Amino acid sequence: MGWLFGKNKTSMVSPEDALPGRAARMAVPARHAVLDVPPAPPYPEGSEIADFGLGCFWGAERVFWQTPGVVTTSVGYAGGYTQNPTYEEVCTGQTGHTELVRVVFDPSRVSYEELLRVFWEAHNPTQGMRQGNDVGTQYRSAIYFHSPEQEKSALTSRDAYQKVLTESGYDKITTEIAPAGDYYFAEQYHQQYLYRNKNGYCGIGGTGVSCPIGLTSGEA
């Protein structure tokens, strides 16, 4: 079982070398432990979805469930090749997935641009295949957009944040920005982990550089 440790956890696996996975999906809790709403669809009419990868999804999910206007959150795996992967498989680097937070939000209460600000400021998006001491492709920074409008906002916010990061001495942003694909719910024990485990590990830590949210609308 040499695959258990992966070949190179900081290099993306190719589709042909990725683990095959399985047809069976993970069971999803009926209610969000904090927000007391279903974490799985169908979602309330008018709500929208935002997908963010910003390191270990335990702390990342908490950042978003605490954000006003968010309807529900869940953690899972996306951006890779393996069907319905397990956490242990993702940790090998042989699935191609990143740890993801799916954010369902009410756009009348919080904008996608505001969620982008939360995303950028909650982690260091310049670290490539890692986040702090967490190393591997599963910890890469990522935005998976669900519409052309989300794509435009993500790219514009990235460029605006790059400017202030560069002024503060940081390197180039390495965040993957791509269309949303398959999203696989993580195991139940990962969902709202830091609510259930008050002293659990949280690897989330930003740069301390504020994101100029006003620029995400394209203002010069």
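Author: Two strands pair if DSSP finds at least two bridges between them. With that in hand, welcome to this predicted model! Its 6 strands form an open sheet in the order β7-β6-β1-β3-β2-β8, with mixed pairing.

Reader: What makes β7 and β8 edge strands?

Author: Each of them, β7 (176-179) and β8 (183-185), pairs on one side only. From one strand to the next, the twist averages 35°.

Reader: How do you know that β1 and β6 pair?

Author: We count bridges. The cut-off is at least two, and β1 and β6 have 4 bridges, in the antiparallel sense; 4 bridges satisfy the cut-off, so the two strands count as paired. You can look up individual partners too: Gly53 has Ala142 in β6 as its bridge partner, while Leu54 stands opposite Ser141 in β6.

Reader: And what makes β1 and β3 a pair?

Author: The same test applies. Between β1 and β3 there are 5 bridges, and the strands run antiparallel; with at least two required, they pair. One place to look is Asp51, whose bridge partner in β3 is Arg102. As for what holds such strands together, strands of a sheet pair through backbone hydrogen bonds, either parallel or antiparallel.

Reader: Why is β1 called largely enclosed?

Author: Buried means under 20% relative accessible area. In β1, 5 of the 7 residues are buried, so the rest of the structure largely encloses this strand.

Reader: Which helices lie on these strands?

Author: Helix α1 lies across β1, β2 and β3, and runs at about 160° to β2. Helix α4 packs on the sheet as well, where it touches β1, β3, β6 and β7, and its direction makes about 150° with that of β6.

Reader: Which residues of α3 are called buried?

Author: In α3 (residues 112-121), the residues under 20% relative accessible area are Tyr112, Leu115, Leu116, Val118, Phe119 and Trp120. The elements they pack against include the strands β1 (48-54) and β6 (141-145), along with the helices α1 (57-65) and α4 (148-167).

Reader: How do you know where to trust the coordinates, and where should I be careful?

Author: The chain has a mean pLDDT of 93, and 93% of its residues reach 70 or more. Be careful with residues 1-6, where pLDDT stays under 50 and the model has 8 contacts beyond four places in sequence. Residues 215-220 also stay under 50, again with 8 contacts beyond four places in sequence. Where pLDDT is low, the predicted coordinates should not be read in detail.

Key. Residues numbered from 1 in each chain as written. Predicted model: local features only at pLDDT ≥ 70, side-chain atom pairs only at ≥ 80, totals over all residues. Heavy atoms only, no water. Buried < 20%, exposed > 50% of the residue type's maximum accessible area, 1.4 Å probe, protein only. Contact = heavy atoms within 4.5 Å. Axes fitted to C-alpha atoms, helices over the stretch in contact; angles between N-to-C directions. pLDDT = per-residue confidence, 0-100.
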